Amino acid sequence: MIDFHCHLDLYNNPLLLLPEVKRRCRFVLVVTTSPRAFLKTSQVFDGIECISVGLGLHPEILAERISERTLFLSTIPQVQYIGEIGIDGSSRNRHSLELQTDFFRDAVQASEAVGGRVLSIHSRSAVKIVLDIIEQNISKNIPVLHWFTGNEKEVDRAISLNCWFSINPMMLKNRKGVSLIQRIPIDKLIPETDGPFTSHDKTPYMPWDTQIVVEGVAKLKEMSIDAVSAAMNENTSTMLSRR
Ligand code: MN
């Protein structure tokens, strides 16, 4: 299985999950919420072939971690993946919207300046600002919109900007998520869990639970499970080969 956005470092006992991750996962992008967490998490998962760790600074904690901004920017040249970054415009986080916007733009531009990076991007209640910044810095970066919740027009705009979309089991549970997935071409979809922040019956989704996404997409797009699985594997390879 592939899980393109997972907070593996934030499960209760990440190390206990490792054997199962190695057995069942082809690729897991472990996103982090701060550059300090990135440094620690990279050490823990160093040498595990199916795991890559993203350098992150989560928009929801950006204001309190702004002292790590320099560490974040100076670490970009050493990494392949950036995430989780982005902008959160929901009421709880609107107080730092300007700071978030400036930081996201800086991060995207710094990634572009070193040849482009794969970016796992949060855009809740801030789709327009996020897409504007992507549009202005698109040539080498590879943007992956994680748990996208934009409207139809915004989805179409994101597709025209060559964005990829990582989709999770929660998106299959509501009408908005379903219609969004129906609108995105199969060759732009990649599975994620966003675990442990997504769960079913109080049990967090595990990285290998992206099988649920594969099965859900197969049903929505009237494709076979094997065809969807093959398409998502190929999408991931295609995307990563463009780095
Ligand atoms: Mn996340």
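This is a short walk through the structure above, from its metal site to its core, one of its helices and its cysteines. Keep in mind as you look around that the model is predicted.

Let us start at the metal. Which residues hold the manganese ion? His 5 and His 7 each coordinate the manganese ion through NE2, while Glu 84 offers OE and Asp 194 offers OD, at 2.2 to 2.3 Å. Along the chain, these donors follow the spacing H-x1-H-x76-E-x109-D. His 5 sits in strand β1 (residues 2-6) and Glu 84 in strand β4 (residues 81-86), so this pair ties together parts that are 79 residues apart in sequence. Both His 5 and Glu 84 are buried.

Next, look at the nonpolar interior. The largest nonpolar core contains 57 residues, and those with the most contacts inside it are Leu 8, Val 21, Ile 51, Phe 72, Leu 145 and Ile 167. Helix α5 (residues 127-136) gives this core its largest share, 5 residues. To get a feeling for the packing, pick out Leu 145. Setting aside neighbours within four places in sequence, the contacts of Leu 145 include Ile 121, Val 130, Leu 131, Ile 134, Trp 164 and Phe 165. There is also a second, separate core of 13 residues, with Phe 27, Leu 29, Val 31 and Met 239 among them.

Now turn to helix α7 (residues 175-183). Its buried residues are Gly 177, Val 178, Leu 180 and Ile 181. Why do these residues line one face of the helix? Seen down the axis of α7, the buried residues fall within an arc of 165 degrees, so they line one face. It helps to recall that an α-helix has 3.6 residues a turn, so residues three or four places apart point the same way. And what covers the buried residues of α7? The cover includes the helices α6 (152-160) and α8 (211-220), together with the strands β7 (164-167) and β8 (189-191).

Finally, consider the cysteines. How many disulfides are there? The count comes to 0. Cys 6 is in no disulfide, and the nearest cysteine sulfur, that of Cys 25, lies 8.2 Å away. For Cys 50, the closest cysteine sulfur is also in Cys 25, at 6.1 Å, which is too far for a bond, because a disulfide needs the two sulfur atoms within 2.5 Å. Cys 6 is buried, with a relative accessible area of 0%, and Cys 50 is buried too, at 8%.

Definitions and conventions: Residues numbered from 1 in each chain as written. Predicted model: local features only at pLDDT ≥ 70, side-chain atom pairs only at ≥ 80, totals over all residues. Heavy atoms only, no water. Buried < 20%, exposed > 50% of the residue type's maximum accessible area, 1.4 Å probe, protein only. Donors = N, O, S within 2.8 Å, 3.2 Å for Na, K, Ca; no water. Helix = DSSP H or I, 4+ residues; strand = E, 2+ residues; numbered from the N terminus. Core = buried A, V, L, I, M, F, W, Y, C linked by side-chain atoms within 4.5 Å. Contact = heavy atoms within 4.5 Å. Arc of directions from axis to C-beta.
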